[in-house]
Every structure is written in structure tokens, then in C-alpha cells.
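This note is addressed to a colleague who is meeting the structure for the first time. Please read the numbered points below alongside the sequence and the model.

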Amino acid sequence: MEVKNEFKLSFDSRSVNESFCRLVVAAFVTPLDPTIEELTDLKTAVSEAVTNCIVHAYNDSCGKIYITGQILDDNFIKIRIKDKGLGIENVQRAMTPLFTTGSSDRSGLGFTVMQSFCDRVNVISSLGSGTTVTLIKKINGRNKW
Ligand SMILES: Nc1ncnc2c1ncn2[C@@H]1O[C@H](COP(=O)(O)OP(=O)(O)O)[C@@H](O)[C@H]1O
Ligand SMILES: [Mg+2]
């Protein structure tokens with residue numbers, strides 16, 4: 001698939017950067033004229049992935065988060081969120097609704113939210129090396145009808 005536009009960014013795994021990366025992703029997809037709902041869904045999915053890097057990957061200490069965004073053919077958006085943290089022992093189990101290794105304030109619904117707001121969610125992880133989450137979402141935009 002042809003890559004029509006791309007950005008790459010790395011930033012510290014600090015919670016203050018959650019809103020920063022939501023805004024970056026929103027600005028990146030603006031030329032596709034997304035609906036408010038499409039934009040909110042994409043930002044929410046990205047937030048969940050970034051929050052996971054902050055909370056789980058680096059255990060509340062500070063590491064780097066790497067984000068790549070691509071606009072592909074037919075208005076498909078691909079966002080890759082990568083960390084070099086702890087990794088996930090069993091990805092399939094981690095993606096089960098309500099599963100969490102976090103404290104009682106975590107819902108265990110982050111991956112479920114990503115899956116319901118995106119067309120595809122792919123997770124690759126290895127213990128000790130880190131995790132890469134790839135989100136794919138088609139933006140139909142406001143000018144279709
Ligand atoms: N980037 C990551 N690095 C390490 N573990 C992760 C990462 N993302 C998710 N996990 C694991 O997957 C579990 C489920 O994640 P999620 O569905 O977002 O729920 P929650 O964040 O509420 O625990 C987490 O509790 C954690 O064990
Ligand atoms: Mg989560």
C-alpha cells in the first residue's frame with residue numbers, strides 16, 4: 001500500500017504527553033476531513049495505547065515512546081505506538097476484556113476500546129524488549145455524502 005504521508009515522533013513516557021500525542025494525531029489526519037466521531041475514536045484509541053506505555057511498559061518510570069503515523073491509500077490511517085519496556089507475556093490474554101495486571105483503578109478495557117474504535121489492532125510484544133501496537137482506521141470523512 002502506498003504511503004501518502006508520514007510522521008515519526010518520540011517522546012518521554014510522561015502522562016502530560018498523552019494530550020500532546022492526541023493533538024499530534026488529530027492534526028495529522030485533519031487533511032482527510034474526518035468527522036468529529038472518527039477523530040474522537042482515533043484519539044481515544046491512541047490515548048489508550050500511549051497510556052499503556054506510560055503505566056505498564058515503564059512501570060511509572062520514564063522511558064521513550066515512539067509513534068509513527070501514516071496515511072495510506074483509500075484514507076486508511078496507520079498509527080504505530082512502540083515502547084522498549086517490559087513487554088507482554090501473553091498478548092492474547094492481555095487483550096481479553098477486563099484483563100489487567102494493573103492496580104484496581106485500571107479497567108482492563110484499553111485493548112477492547114482500541115479494537116472497537118479501529119478497523120484493525122495488531123500487537124507484537126516480547127518480554128524484556130517491548131511492545132508495538134499498530135492501529136488501522138479508515139477515515140471516511142465529512143465530504144462523502
Ligand atoms: N505497552 C505495554 N507494555 C507492557 N504491558 C502492557 C502494555 N500494554 C498493555 N499491557 C498489558 O496488557 C494489560 C491489558 O491492557 P489494557 O487492556 O489497556 O487494560 P489496563 O491498561 O486497564 O490494564 C495490562 O494490564 C498490561 O498487563
Ligand atoms: Mg490500558
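Which backbone N or O atom lies 3.0 Å from an oxygen atom of ligand 1?

1. The atom in question belongs to the backbone of Phe111, at 3.0 Å from an oxygen atom of ligand 1. Please bear in mind throughout that the model is predicted.

2. Two side chains also offer polar atoms to the ligand. In the side chain of Asn52, an N or O atom is 2.9 Å from an oxygen atom of ligand 1. In the side chain of Asp83, an N or O atom is 2.9 Å from a nitrogen atom of ligand 1. On its own, ligand 1 has 540 Å² of accessible area, and the protein covers 95% of that area.

3. The surroundings of the ligand comprise 18 residues, of which Asn52, His56, Thr100, Thr101 and Gly108 come nearest. Sorted by class, the shell around ligand 1 consists of ten polar, six nonpolar and two charged residues.

4. As to the elements that build this shell, helix H2 (36–57) and helix H4 (110–117) each contribute at least two residues. The largest share, three residues, is supplied by H2.

5. The location of the ligand also deserves a remark: the largest pocket is the space that ligand 1 takes.

6. Aside from the ligand, the structure contains two aromatic pairs. In one of them, the ring centres of Phe7 and Phe28 are 4.8 Å apart and the ring planes stand at 75°; angles over 60 degrees count as edge-to-face, so the pair is edge-to-face.

7. What does the pair of Phe7 and Phe28 tie together? Phe7 belongs to strand E1 (residues 3–12) and Phe28 to helix H1 (residues 17–29), so the pair links parts that are 21 residues apart in sequence.

Terms used
Residues are numbered from 1 along each chain as its sequence is written. Chains are lettered from A and ligands numbered from 1 in the order in which they are written. This is a predicted model: local features need pLDDT of at least 70, side-chain atom pairs count only at pLDDT 80 or more; totals for chains, interfaces and linings use all residues. Side-chain values use heavy atoms; hydrogens and water are left out. A residue is near a molecule or strand if one of its heavy atoms lies within 4 Å of it. A polar contact is a pair of N or O atoms within 3.5 Å; within protein, one must be able to donate a hydrogen and the other to accept it, and residues adjacent in sequence count only if both atoms are side-chain atoms. Accessible areas come from the Shrake-Rupley method with a 1.4 Å probe; for residues, only the protein chains shown count as cover. On a 1 Å grid over the protein atoms alone, a cavity is a set of points where a 1.4 Å probe fits but cannot get out, and a pocket is an open set with protein on both sides within 12 Å along at least five of seven lines; lining residues have an atom within 4 Å of a point. A molecule sits in a cavity or pocket if more than half of its atoms lie within 2 Å of its grid points. Helices (H or I, at least four residues) and strands (E, at least two) are DSSP runs, numbered from the N terminus. Ala, Val, Leu, Ile, Met, Phe, Trp, Tyr, Cys and Pro count as nonpolar, Asp, Glu, Lys and Arg as charged, and the others, Gly among them, as polar. Rings of Phe, Tyr and Trp (its six-membered ring) pair if their centres lie within 6.5 Å; planes under 30 degrees apart count as stacked, over 60 as edge-to-face and the rest as tilted.
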